[in-house]
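Subject: A structure to look at

Hello,

I am passing a structure on to you, with some notes on what turned up in it. Have the view open while you read, and follow the residues along as they come up.

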Amino acid sequence: MSHQVTGNRRLRTAARLTFGNTASRIYLGLVLAVAVFVAVDTLFVSHEDASFAGVWLFFLAAPTVFVFLLGSSMAGPDSGGPAWFTYLALVVSVLVQACALGWFSRLMRGPGRGRSAHPRSA
């Protein structure tokens, strides 16, 4: 089997684990809802003091986002790195955790309990 076919198969499996199950979809939907809330709060709501709405995104992306941010602060003199790295760390962390949820969901279902191509009729 060629490396390209094996790579495509692994990519499809990772995408299926990340986006193709209920647990991952619920998690990604929750993250999207919180991201919209943070964007609306940041752009359209005026506050006399700082808003902590963005903290919820970090809570949803924890603990992997903190590993990325710790790695970036250890790599360079700037603590936390540039803003684009923080956003990239959030996105990658959420995708890693969605994939982990998909893998855990598949592990809990067991090998023979997935969806069948031919469902049994009652």
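A good place to begin is the contact between two helices, α2 and α5. From α2, the residues A23, S24, Y27, L28 and V31 take part. On the side of α5, they meet V94, Q97, A98, L101, G102 and S105. By type, the residues of this contact divide into seven nonpolar, four polar and no charged. Please keep in mind throughout that this is a predicted model.

How do the two helices lie against each other? Helix α2 covers residues 22-44 and helix α5 covers residues 83-109; they pack at an angle of about 155°, and their axes are 8 Å apart. Since an angle over 145 degrees counts as roughly antiparallel, α2 is roughly antiparallel to α5. The crossing of α2 past α5 is right-handed.

Stepping back for a moment, here is the chain as a whole. It has five helices and zero strands, so from the N terminus on the elements simply read α-α-α-α-α. The chain has 122 residues, and 22% of them count as buried. If you take the contacts between residues at least 6 apart in sequence, 61% of them join residues at least 24 apart.

Next, the aromatic rings. How many aromatic pairs does the structure hold? There are two. In one of them, the ring centres of W56 and F59 are 5.5 Å apart and the planes stand at 80°, which makes the pair edge-to-face because the angle is over 60 degrees. Both W56 and F59 belong to helix α3 (residues 55-61), where they sit three residues apart, about one turn of the helix. F59 counts as exposed, with a relative accessibility of 51%.

The other pair is F58 with F66. Here the centres are 6.5 Å apart and the planes are at 20°, so this pair is stacked. F58 is partly exposed, at a relative accessible area of 23%. F66 is partly exposed as well, at 44%.

Shortly after helix α3 there is something else to look for. The peptide bond from A62 to P63 is cis, and its omega is near 5°. P63 itself is in the loop between α3 and α4 (64-75).

A62 also comes up in connection with S93, a residue of helix α5. The two are 31 residues apart along the chain, yet their C-alpha atoms are separated by 7.7 Å. Is S93 buried or exposed? Its relative accessibility is 0%, so S93 counts as buried. Leaving aside residues up to four places away in sequence, S93 touches A61, T64, V65 and F68.

The last residue I would point you to is D41, which is back in helix α2. With a relative accessibility of 9%, D41 falls under the 20% cut-off and therefore counts as buried. Which residues does D41 touch, not counting those up to four places away in sequence? They are H47, S51 and A53. D41 and A53 are 12 residues apart in sequence, and 7.1 Å lie between their C-alpha atoms.

If you would like a route through the view, try these stops:

- the contact of α2 with α5, including Y27 and L101;
- the edge-to-face pair of W56 and F59;
- the stacked pair of F58 and F66;
- the cis peptide bond from A62 to P63;
- the buried residue S93;
- the buried residue D41.

Enjoy the tour, and write back with any questions.

Best wishes

Conventions
Residues numbered from 1 in each chain as written. Predicted model: local features only at pLDDT ≥ 70, side-chain atom pairs only at ≥ 80, totals over all residues. Heavy atoms only, no water. Axes fitted to C-alpha atoms, helices over the stretch in contact; angles between N-to-C directions. Helix = DSSP H or I, 4+ residues; strand = E, 2+ residues; numbered from the N terminus. Parallel < 35°, antiparallel > 145°, perpendicular 65-115°, else oblique. Left-handed = near helix turned anticlockwise from the far one by under 90°. Contact = heavy atoms within 4.5 Å. Nonpolar A, V, L, I, M, F, W, Y, C, P; charged D, E, K, R; others polar. Phe/Tyr/Trp six-rings, centres within 6.5 Å; stacked < 30°, edge-to-face > 60°. Buried < 20%, exposed > 50% of the residue type's maximum accessible area, 1.4 Å probe, protein only.
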